[in-house]
Structures are given as C-alpha cells and as structure tokens.
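User: I am new to reading protein models and would like to go through this one step by step. Could you take my questions in turn and explain how each answer is reached?

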Amino acid sequence: MKKPERLTFDARETWSKRTKDFRLEIRPYVGYALQSVSLFVLLLVLAGSFFYGKLLTQAPPGFPFREIAALVLLPFAAWSPIRTYIREADTVFWLPLETEIARHYMTRAVNASFAVQAFGLLAAWLAVWPAFAFADGDKPGFIHALLVLLVLKRVLLQGHWTELKLTIRSKRALLAMLRWLLAGGCLYMLLTLSPPAGSLLVAATLLIYFGLIHLLDEKKLHWLQLVEAERRHRSLILRLLNQFVDVAELHGRPRPVHAPRKLIRGLAGLRFDASHTYRFLYVHVWLRSEGFGMTLRLTVLGGLIISFTKGVAAPAIVFLLFTTLTALQLKELAKAYRHSEWSFIYPLPPALRAQSAQTVIRRIHAVTVALLTVPLLWAMAAPYQALLLLALGLGLSYIWTTLPKNSIFSK
C-alpha cells in the first residue's frame, strides 16, 4: 500500500506572496494619502524643528530631559504588533502543518515585525538624542543605549508573541500590562541611572521577564486569536488610509455630519429658497471631505507657530503664509460637482453654482483668518498690529474670492 504524500510548506514563498499581495492592495491608496498629508507633515516637521531648537537653547536648569526622552520612547518600545497575514481559511488548511508553520512562517513574521519596529525605535532615538545629550550627569553613549534599546525591543516583541498564543484572555491582558510597565521601567532605568547600573538592571529585568514568558508559553498556536489580531491590524491600516481617500472595502452607509446647525447656517447663510441650494451642498461637501481636516490642521498649526513667534515681521510672515495655504486648499472646493449633469437639469441659474462656491469659500476663509489673528494679539508688540493684519487678511480673502471671469469659480 502506497503511503500518503507528506504535506509540504514553503514559508519563504508564502510569506513573500502575502506581503506582496497586501502591498499591492494598499498601493493605490497610499499615493493619495501621501499627497494629502505631505504638506501638513512638512510644515509640522519645520515647526517641530523650530520649537525643538528653542527648547534646547532656552531650557531652564534641571529640565527633565531624561524623563521626557523615556516617555517619548515608551510607545516605540512597548507597542509590538506582529503582522502574520493569517486568514480564516488557514485555520483549516494549515492546521495539519502547525509545527512547521510555528517554526518557520511565524518566526519569519516575528523577525519582519522586529525589523520594521527597530527602524521606528532608531528614528525615535535619533529624535530624542539631542535633548538627551543636554541632560546633566553621567549617561550612556548613543551606541550603548541603542543596543540596549534593540535588545529590549526584541524581548518585548517575543513577549507579545507569547501573548498571542495564550488562550485565556485574562492572562493575555495581564501580560500585556506587564509588557508596558516593564518597558517604562527599563527605559527609566537605562536613561536616568548611571550606564553600568542602568544596563545591569535592565538586563536582569529582561532575563526575569524572558523566563516568565517561557513558562507561560503554550507552544501551540492560538489560531482564532491570530486571525483576530491580523484582522485588527489590517482594519487599522485601511481605516487610516480612509481618512485621506475612500477605500473601496470600507464603503458603506454614508456617515452623518455631526456639526452644529448654527455653524452650517453661518457658513452657508442658508435660507429655504432656490438661490441657496448650492450653498447647502458646498458646506456639506467641505465637512465630509478631506478639505475640512486639512483646513483645520493648517489653522491649528499656523496658530501654534504664531504663538511662539515674537516681533512684527515673523508673526506677519507666518500669518500670511498660512492664510495663503488655507486659501489654496479651499480652492479645490469650487471644483466639486463642476461636471455633474444634474446641475444643468434643475431650474437653477447656470452661474449660481460658482457664486455659491464663492460665498462658502469666502466665509470659511474669513473664519480661518479670524482664528489665526487670535495668537497675533500676544505675538505682536501691539494689538492694533494684529487688527491691521486681520483687516489685510480679510481684504485679500475678499479680493481672491471675487476675481474676474478668469478665476477658478468660473471654470
């Protein structure tokens, strides 16, 4: 009698195929997301660099640089997600190969997660190192601390892998809480104690933790927990991308706009007659689209930067820069529904759409200009200077939104 052929499993090929499939799935959305967020990230980096430099040069004596560095590094060290790309069907077809999968495929998943998270930890350490170097007292060198951080990260990642295999929920919750507490404690010891004492205490703590997770390790895979964890990771990434561009898989019922009615009526100047039909449309398009988020982020970021500037020239330049950027962002609102056929079917004047977009954009921009004026009141030497800039901003906004026929509103 012929023996049945033994099932084989190529961990490298399967892992490569599933990671490639996921990258191909999100590639169309990543490009749009980067286009939407790149300007904001660039401005945030510039603002952060400016404030960071001022903190390093103007920090008072005894400023807790070490504690802040440990706090910044905490999420990068303790948060240890593991992408496995496990699907629900795998609980049936891969179950006979559980030992081989646990030994090869899951090891590859843990190592890949460590590589990505180690890069993030390195970036965070590079960011906090200038501040950490300003701290008083004996402290570990850059390479010394980085090596300890990488060892800490690898042990904590192994601890999370053990959590994913536990079948009792209470044990998983306690071990997860222990992982975060241990990460915070190790970071505090490493960055606040002397290098020899901090490193030895971290090593002893990690050895005890490693022994604990080895005792709690159930060896077998918890397939349902792995499927659920992968589902959460994938859903998190898609929901994040959905904040910038519509993800087809997440399409469903339209989300209602939870905005105060007075705000909508104030922006649109609504009355129940035909002349205000498009105003209602454009206000809701702005609230539902990424334009609302970009306008809000630009206004908040501009206000924060203005708050930390002094004099006359610097606040004025920042104010005019962000009013211009907000105006350019709002320009896209006028292009909504410009090619829709239904707008020519209803008994409405052809020019009403452009006039309504013009009115809504002018009012939104006027509100952002007014909000950006608030930090000018204490950033500038005299309040009347802020009021003059407010008048200038409102005047430029009115001129920009009432351009002649070659403006964007007539296109």
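User: Among contacts between residues at least 6 apart in sequence, what percentage join residues at least 24 apart?

Analyst: The model shown here is a predicted one, and the count takes in contacts in the protein chain between residues at least 6 apart in sequence. Of these contacts, the share that joins residues at least 24 apart is 80%.

User: How many helices and how many strands does the protein chain have?

Analyst: The chain has 411 residues, of which 43% are buried. Its secondary structure contains zero strands, and the number of helices comes to 15.

User: Which helix gives the largest share of the largest nonpolar core?

Analyst: As a general tendency, nonpolar side chains in soluble globular proteins tend to be buried together. Here the largest nonpolar core has 31 residues, and those with the most contacts inside it are Leu73, Trp125, Leu152, Leu187 and Leu191. Two or more residues each come from helix 2, helix 4, helix 5, helix 6 and helix 7. The largest share, eight residues, is given by helix 6.

User: Are helix 2 and helix 5 roughly parallel or oblique to each other?

Analyst: Two packed helices are described by the angle between their axes and the distance between the axes. For helix 2, residues 65-78, and helix 5, residues 142-165, the axes are 9 Å apart and the angle is about 45°. Angles under 35 degrees would count as roughly parallel, while 65 to 115 would be roughly perpendicular. The angle fits neither of these classes, and the two helices are therefore oblique.

User: How many charged residues are there in the contact of helix 2 with helix 5?

Analyst: From helix 2, the residues Leu73, Phe76, Ala77 and Ala78 meet Leu149, Leu152, Lys153 and Leu156 in helix 5. Sorted by class, this contact has seven nonpolar residues and no polar ones, and the number of charged residues is one.

User: Which residue of helix 2 is in contact with Leu152, once neighbours within four places in sequence are left aside?

Analyst: Leu152 is one of the residues with the most contacts inside the largest nonpolar core. With its sequence neighbours left aside, Leu152 is in contact with Leu182, Cys186, Leu187 and Leu206, as well as with one further residue, Ala77. The residue of helix 2 that is named among the pairs meeting helix 5, and that also appears here, is Ala77.

User: Is Arg179 buried or exposed?

Analyst: Arg179 is found in helix 6, which spans residues 169-192. Leaving aside neighbours within four places in sequence, its contacts are Ala78, Trp79, Ser80, Leu156, His160, Glu163 and Tyr209. Its relative accessible area is 5%, and since under 20% is the cut-off, Arg179 counts as buried.

User: Of Tyr85 and Lys219, which one is exposed?

Analyst: Tyr85 lies in the loop between helix 2 and helix 3, and its phi is near 55°, a positive value in a residue other than glycine. Lys219 lies in the loop between helix 7 and helix 8, and it too is not a glycine, with a positive phi of about 65°. Tyr85 has a relative accessible area of 14% and is therefore buried. With a relative accessible area of 53%, the exposed residue is Lys219.

User: What distance separates the C-alpha atoms of Leu224 and Thr167?

Analyst: Leu224 lies in helix 8, residues 223-242, and it counts as exposed because its relative accessibility is 63%. Leu224 and Thr167 are 57 residues apart along the chain, and their C-alpha atoms are separated by 9.4 Å.

Technical notes. Residues numbered from 1 in each chain as written. Predicted model: local features only at pLDDT ≥ 70, side-chain atom pairs only at ≥ 80, totals over all residues. Heavy atoms only, no water. Axes fitted to C-alpha atoms, helices over the stretch in contact; angles between N-to-C directions. Helix = DSSP H or I, 4+ residues; strand = E, 2+ residues; numbered from the N terminus. Parallel < 35°, antiparallel > 145°, perpendicular 65-115°, else oblique. Contact = heavy atoms within 4.5 Å. Nonpolar A, V, L, I, M, F, W, Y, C, P; charged D, E, K, R; others polar. Buried < 20%, exposed > 50% of the residue type's maximum accessible area, 1.4 Å probe, protein only. Core = buried A, V, L, I, M, F, W, Y, C linked by side-chain atoms within 4.5 Å.
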